[in-house]
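Subject: Structure handover

Hello,

Here is the structure for your files. Please look it over before reading the notes underneath.

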Amino acid sequence: MMLYCQRIRLECVMSLFKKTSVHFILGICLGLSFSFILYVYEKTNEHNSLLIRSIGLHLDNNNHVNCENNARNINPEFSRFPVGAASKPHQQKLVESQYHHDDDLLAKELHSKVRVACWIMTSPDTLLSKAIHIKNTWAKRCNLVLFMSSVADPEFPAVGLDVPEGREHLTAKTMKAFKYLYDHHMEDADWFLKADDDTYVIVENLRYLLLNEDPAQPVYFGQRFKPYVRQGYTSGGGGYVLSKEALRRFGEEGSVNAKICAKDGGPEDVYMGKCMQNLGVKLKDSTDSLNRSRFHCFNPETVLKARFPKWFINFDVLSGRGGIENISDYAVSFHYIHPNQMYTLEFFIYHLRPYGILNSPQSLNKL
């Protein structure tokens, strides 16, 4: 009897084991089948998505071409602008008026009324990593643009100043660059702007600042610092602009007399500030009517957050005020701009528009 019971128990266990094995195998099969179905489903959706996206791009491109063709029919000048852009970053060219049709008559009028020559301090090492992005963005709005390097590059092109590279020679590069402008381009502009190859300048706002200023007066503008020079001096990184009379005095007196203007050594912006003061060139206020800053030696994020280093707070004539309420709506410059940010600023300033909000142009007599 005991043996019979043990046999029955063993058969029950074996039966249970067989059922469990079958269920386990069946579960694996069902799981693999379900996974395969999901895989096919996802691949199908991915293919459809790519197909739809390619169709959409094709339609968008057709619409874009049709819009451009219509624009050319309306405005023959539109044909001056190329279609598309090169794929490599250093070859990318952003084209004005290609993607929007703003009323820029006032900006064009100021372009001829307030002539600005821009020279950008660069080097052989940064010509294609930094300067090219200025050439592709804001520099094309200057009346004249020159890239000043230590070595000439006729293809870029860049002017060779025959000055050794390095921070200790920035003063020499600056003095020789302004002398070059005096010798070769004195009559090509009324104002002469110096900027670094990581500075972004809104040239239209610079013209707005200079509109009611007389270039025949010995003046210059920039972000004003307090120490070292009695009247103060301008930040080199934020950029500064000299009147024609200021450049004339430099070319005729400062560039030939080392006692008036240093030839080299020391911080470039401080030495340029001493040079201007010695020549009787007045550093004028560049803030707007609400006492908000226009020139900035930091990038927009730093200025908006007002996270300035202590030295800047001590140097700045505005004591390091920042935040959106202290930045002029007609800001002129920002410094420490990464090459990618050049195109970001270009898009935000000249292309992005909030629908339904119109920025009506002002007449010249109201500026």
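The notes below cover the overall fold, one pocket and one loop residue.

Please keep in mind that this is a predicted model.

Overall: the secondary structure consists of 10 helices and 11 strands. The protein has 367 residues, and 41% of them are buried. Taking contacts between residues at least 6 apart in sequence, 74% join residues at least 24 apart. The exposed surface comes to about 21200 Å², with 59% of it supplied by carbon and sulfur atoms.

Pocket: the second largest pocket holds about 700 Å³ of space. Its lining is made up of 30 residues, and those nearest the centre are Arg 167, Leu 170, Asp 196, Glu 268 and His 335. Two or more lining residues come from each of helix H4 (170-185), strand E4 (191-196), helix H7 (268-278) and H9. The largest share, three residues, is from H7. By character, the lining of this pocket splits into 11 nonpolar, nine polar and 10 charged residues.

Loop residue: Val 317 sits in the loop that runs between helix H9 (310-315) and strand E11 (333-334). Is Val 317 buried or exposed? Neither label applies, because its relative accessibility is 41% and Val 317 therefore counts as partly exposed; the buried class ends at 20% and the exposed class starts over 50%. Leaving aside residues up to four places away in sequence, Val 317 touches Arg 224 and Lys 226. Arg 224 is 93 residues from Val 317 along the chain, yet their C-alpha atoms are separated by 5.8 Å.

Regards

Terms used. Residues are numbered from 1 along each chain as its sequence is written. This is a predicted model: local features need pLDDT of at least 70, side-chain atom pairs count only at pLDDT 80 or more; totals for chains, interfaces and linings use all residues. Side-chain values use heavy atoms; hydrogens and water are left out. Helices (H or I, at least four residues) and strands (E, at least two) are DSSP runs, numbered from the N terminus. Buried means under 20% relative accessible area, exposed over 50%, partly exposed in between (1.4 Å probe, protein chains only). Contact means heavy atoms within 4.5 Å. On a 1 Å grid over the protein atoms alone, a cavity is a set of points where a 1.4 Å probe fits but cannot get out, and a pocket is an open set with protein on both sides within 12 Å along at least five of seven lines; lining residues have an atom within 4 Å of a point. Grid points are joined across faces, edges and corners, and a volume is the space filled by probe spheres set on the points. Ala, Val, Leu, Ile, Met, Phe, Trp, Tyr, Cys and Pro count as nonpolar, Asp, Glu, Lys and Arg as charged, and the others, Gly among them, as polar. Accessible areas come from the Shrake-Rupley method with a 1.4 Å probe; for residues, only the protein chains shown count as cover.
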